[in-house]
Amino acid sequence: MKLDRTDIKILYELQKNGRITNVELADLVHLSPSPCLMRVKRLQAEGYIEGYSAQINLAKLGQTLTVFTEITLKNHRQVDFARFLAVVAKIDQVIECHLVSGGYDYLLKFITAGIGEYQTIMERLTDMDIGIDKYFSFVVLKSPIVKSHLPLTSLFPV
């Protein structure tokens, strides 16, 4: 399925507000409600829209700690990457994991209740012998810019 400019606009608006009514969405993308709804259903059916979720204000719930961690593996065989990922994927506090180029292998983003919980997780990971050679931790002090939506209209100008 080829997407056009209107499809991209629909995706862009829905990622900013998944609870928007079809009438409001149709107005924003310059369609009448019926064709707009048909497009949204098609985008869902084709897998462009994977689901809807709530954005939680963690600060309202309590104090948390965000840590970015660079991890370098001892070996770089496919089995080493698979073993590492199998374990890391099961850790709820790991909310992002990226295989990156450069001086280390993975960049992980943790959100934990505090430094003690983070350190416990890292000690457990290094004790498990899943191939970690070294890791560096970067504690987030403040996040002045965090966007939950992607710049779809600039990434995919149709």
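A residue is called buried here when its relative accessible area is under 20%, and in this predicted model both Phe110 and Tyr118 meet that description, each of them being buried. The account below begins with the sheet, moves to the helices that cover it, follows the aromatic rings, and ends with a helix pair.

The sheet is open and consists of four strands in the order E2-E3-E1-E4, with antiparallel pairing. Strand E2 (94-99) and strand E4 each have a single partner strand and stand at the edges, so one side of each is left without a neighbour in the sheet. Averaged over the neighbouring strands of this sheet, and with direction ignored, the turn of one strand against the next is 20°.

Strand E1, which spans residues 65-73, is mostly covered, since eight of its nine residues are buried. On one flank, E1 runs antiparallel to E3 and is joined to E3 by seven bridges; along this pairing Leu65 stands opposite Thr112 of E3, while Ile71 has Tyr106 of E3 as its bridge partner. E1 is also paired with strand E4 (residues 132-139), again antiparallel and again through seven bridges, and here Leu73 is found opposite Ile132 of E4.

Two helices can be placed against these strands. Helix H5 packs on the sheet and touches E1, E2, E3 and E4, its direction making about 10° with that of E3. Helix H6 (residues 115-127), for its part, lies across E1, E3 and E4 and runs at about 170° to E4.

The aromatic side chains offer another way to follow the fold. Rings are taken as a pair if their centres lie within 6.5 Å, and by this rule the count comes to three aromatic pairs. In one of them, the ring centres of Phe81 and Tyr106 are 5.9 Å apart and the ring planes meet at 65°; because planes over 60 degrees apart count as edge-to-face, the pair falls in that class. This pair links distant parts of the chain, with Phe81 in helix H5 (residues 78-88) and Tyr106 in strand E3 (residues 106-112), 25 residues apart. Phe81 and Tyr106 are both buried, and together with Phe84 they form one aromatic cluster. Tyr106 thus appears in two settings, as the bridge partner of Ile71 and as a member of that cluster. Phe110 and Tyr118, the buried residues named at the start, form an edge-to-face pair as well, with 5.1 Å from centre to centre and 85° between the planes.

There remains the packing of two further helices. In general, a packed pair of helices is described by the angle between the axes together with the distance between the axes. For helix H1 (residues 5-16) and helix H3 (residues 33-45), the angle is about 80° and the axes are 11 Å apart, and since angles of 65 to 115 degrees count as roughly perpendicular, H1 and H3 are therefore roughly perpendicular to each other. H1 contributes Thr6, Asp7, Ile10, Leu11 and Leu14 to the contact, and H3 contributes Cys36, Arg39, Val40, Arg42 and Leu43. Sorted by class, the residues of this contact are six nonpolar, one polar and three charged.

One of the contact residues, Asp7, deserves a separate look. Asp7 lies in helix H1 and counts as buried because its relative accessibility is 1%. Leaving aside residues up to four places away in sequence, Asp7 touches Lys2, Arg39, Arg42 and Leu43.

Technical notes. Residues are numbered from 1 along each chain as its sequence is written. This is a predicted model: local features need pLDDT of at least 70, side-chain atom pairs count only at pLDDT 80 or more; totals for chains, interfaces and linings use all residues. Side-chain values use heavy atoms; hydrogens and water are left out. Axes are lines fitted to C-alpha atoms, for helices over the stretch in contact, and angles run from 0 to 180 degrees between N-to-C directions. Angles under 35 degrees count as roughly parallel, over 145 as roughly antiparallel, 65 to 115 as roughly perpendicular and the rest as oblique. Contact means heavy atoms within 4.5 Å. Ala, Val, Leu, Ile, Met, Phe, Trp, Tyr, Cys and Pro count as nonpolar, Asp, Glu, Lys and Arg as charged, and the others, Gly among them, as polar. Rings of Phe, Tyr and Trp (its six-membered ring) pair if their centres lie within 6.5 Å; planes under 30 degrees apart count as stacked, over 60 as edge-to-face and the rest as tilted. Buried means under 20% relative accessible area, exposed over 50%, partly exposed in between (1.4 Å probe, protein chains only). Two strands pair if DSSP finds at least two bridges between them.
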